[in-house]
Amino acid sequence: MYAAFRSIGAYVPTKILSNADLEVMVDTTDEWITKRTGIKERHIADENETTSDMGAKAAELAIERSGLDKNQIDMLICATISPDYFCMPSTATILATKLGLNKVTAFDISAACTGFVYALSIAKAFIESGMKKNILIVGAEKLSAITDYSDRGTCILFGDGAGAALISATENKAEAIIDIHTGSDGAYADLLMTPNGGSGSVHDELDREKAGCFMKMKGNETFKVAVRTLTNDVIEILEQNSISSSAIKHFVPHQANYRIIKAVGDALNLADEQVVLTVAKYGNTSGASIPMAINDIYESGRLQEGDLMLLDAFGGGLTWGSALVPFAGKTL
Ligand code: UT7
């Protein structure tokens, strides 16, 4: 049995936070943000809108587009670093209930911006082992809830949103997800973290900023490790599968920074039309960024049945991953 990537869906909150808005909030400029990151705006969830609310909307679309009866879904994995609740219940169980999926295996995974690629690899393994048949994977983030809007080093980067995909068993090898690489290095844990609130720290502050619940990032160091790691990772997965970069129809990288994407794309000699870019309009939505980007090319009619995608992500942990995925869904 193989695992096929059957459908995609996404949800983007309506409220926009532009670079001009941020100019009023912190000491920054539209020019600096555009030049250093490629970001022009990001979408922000309503105060009462949760990560699972957004994930459910993306998932409903993915289920509808798969043509599958939702009662056949037997597992739900949610990749998020901004769960509805800090420790429990998982966002996945809340999502399952919102979607009317009864008694499915449901759990969250924490791999930051690489979360969707990690979730995809877990789905592939469960399907190939024969344990599950139809797995809904969701990347959903309300990063605005863990962003410090007085820290110009991070608040200009992050946005909210969700994406979802249905991964199903198939006997047709031509439809199969070809390969997925994932890795991590906890030696770099302090480059990108929410420093407090877990068992590694004690806090009795109610103030979220003081309590260290907001993201902190050593941006420039993270940038350098990201370019190096991602470039090596995509070259390796292509070489190991004897696939040339010209065979990639869509390179769908995690949308952290245009300069990182460009560096990796150049290392692979990719043409502009092969590279999927959404960073300008959504910013960095962590675990949601890759499915949101896939949804963009799907809804714009660029993603066709059989197209080979190369997914590529990097994030807190540090974690990274890449995947060679033919689109096995119906063209919109
Ligand atoms: O998604 C998961 C993984 N995350 C990433 O991959 C993100 C990786 N990092 C980045 O994307 C980039 O490092 C940033 C966009 C965060 C920063 O860009 P950079 O080119 O690495 O800038 P920098 O941190 O080296 O800072 C350069 C200068 C500094 O000023 P001085 O020391 O040269 O005077 C910063 O204080 O830019 C200053 N700066 C800003 N200026 C205006 C930092 N943030 C801002 C800002 N507006 N928002």
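Pro89 sits in the loop between β4 (75-79) and α4. In this predicted model, the peptide bond leading from Met88 into Pro89 is cis, with omega near 0°. A cis bond also turns up between Gly317 and Leu318, where omega is about -10°. Leu318, for its part, belongs to the loop between β12 (308-315) and β13.

The helix that comes after the Pro89 loop is a good place to go next. Helix α4 (residues 91-98) meets helix α3 (residues 51-66), with axes that come within 9 Å and cross at roughly 50°. That angle is neither under 35 degrees nor in the range from 65 to 115, and α3 and α4 are therefore oblique to each other. As for handedness, the crossing of α3 and α4 is right-handed. On the α3 side, the contact is made by Thr51, Ser52, Asp53, Gly55 and Ala56, while α4 brings in Thr91, Ile94, Leu95 and Lys98. Sorted by class, this contact between α3 and α4 is a mix: three residues are nonpolar, four are polar and two are charged.

Now for the backbone angles. Ala112 has a positive phi of about 50°, even though it is not a glycine. Its place is the loop between β5 (105-109) and α5 (115-128). With a relative accessibility of 11%, Ala112 counts as buried, because the cut-off for that label is under 20%. Ser242 is another residue other than glycine with a positive phi, again near 50°. This serine is found in the loop between α7 (219-240) and β11 (250-253). Is Ser242 buried or exposed? Its relative accessible area is 69%, so Ser242 is exposed.

Helix α7, which comes before the Ser242 loop, also holds Thr231. Thr231 has a relative accessible area of 13% and is therefore buried. Setting aside neighbours within four places in sequence, Thr231 is in contact with Val264 and Ala267.

Further along the chain comes α10. How many of the 11 residues of α10 are buried? The count is 10, so this helix is largely enclosed by the rest of the structure. The buried residues of α10 are Ser289, Ile290, Pro291, Met292, Ala293, Ile294, Asn295, Asp296, Ile297 and Tyr298. After α10 comes Gly301, which has a positive phi near 85°.

Tyr298 deserves a second look. The structure holds two aromatic pairs, and one of them joins Tyr298 with Phe327. The two rings are 5.8 Å apart, centre to centre, with 65° between their planes, and the pair is edge-to-face. What does the pair tie together? Tyr298 lies in helix α10 (residues 289-299) and Phe327 in the segment after β13 (319-326), so the pair links parts that are 29 residues apart in sequence. Tyr298 and Phe327 are both buried. Phe5 comes into the picture too: ring pairs link Phe5, Tyr298 and Phe327 into a cluster.

Technical notes:
Residues are numbered from 1 along each chain as its sequence is written. This is a predicted model: local features need pLDDT of at least 70, side-chain atom pairs count only at pLDDT 80 or more; totals for chains, interfaces and linings use all residues. Side-chain values use heavy atoms; hydrogens and water are left out. Axes are lines fitted to C-alpha atoms, for helices over the stretch in contact, and angles run from 0 to 180 degrees between N-to-C directions. Helices (H or I, at least four residues) and strands (E, at least two) are DSSP runs, numbered from the N terminus. Angles under 35 degrees count as roughly parallel, over 145 as roughly antiparallel, 65 to 115 as roughly perpendicular and the rest as oblique. A crossing is left-handed if the near helix is turned anticlockwise from the far one by less than a right angle, and right-handed if clockwise. Contact means heavy atoms within 4.5 Å. Ala, Val, Leu, Ile, Met, Phe, Trp, Tyr, Cys and Pro count as nonpolar, Asp, Glu, Lys and Arg as charged, and the others, Gly among them, as polar. Rings of Phe, Tyr and Trp (its six-membered ring) pair if their centres lie within 6.5 Å; planes under 30 degrees apart count as stacked, over 60 as edge-to-face and the rest as tilted. Buried means under 20% relative accessible area, exposed over 50%, partly exposed in between (1.4 Å probe, protein chains only).
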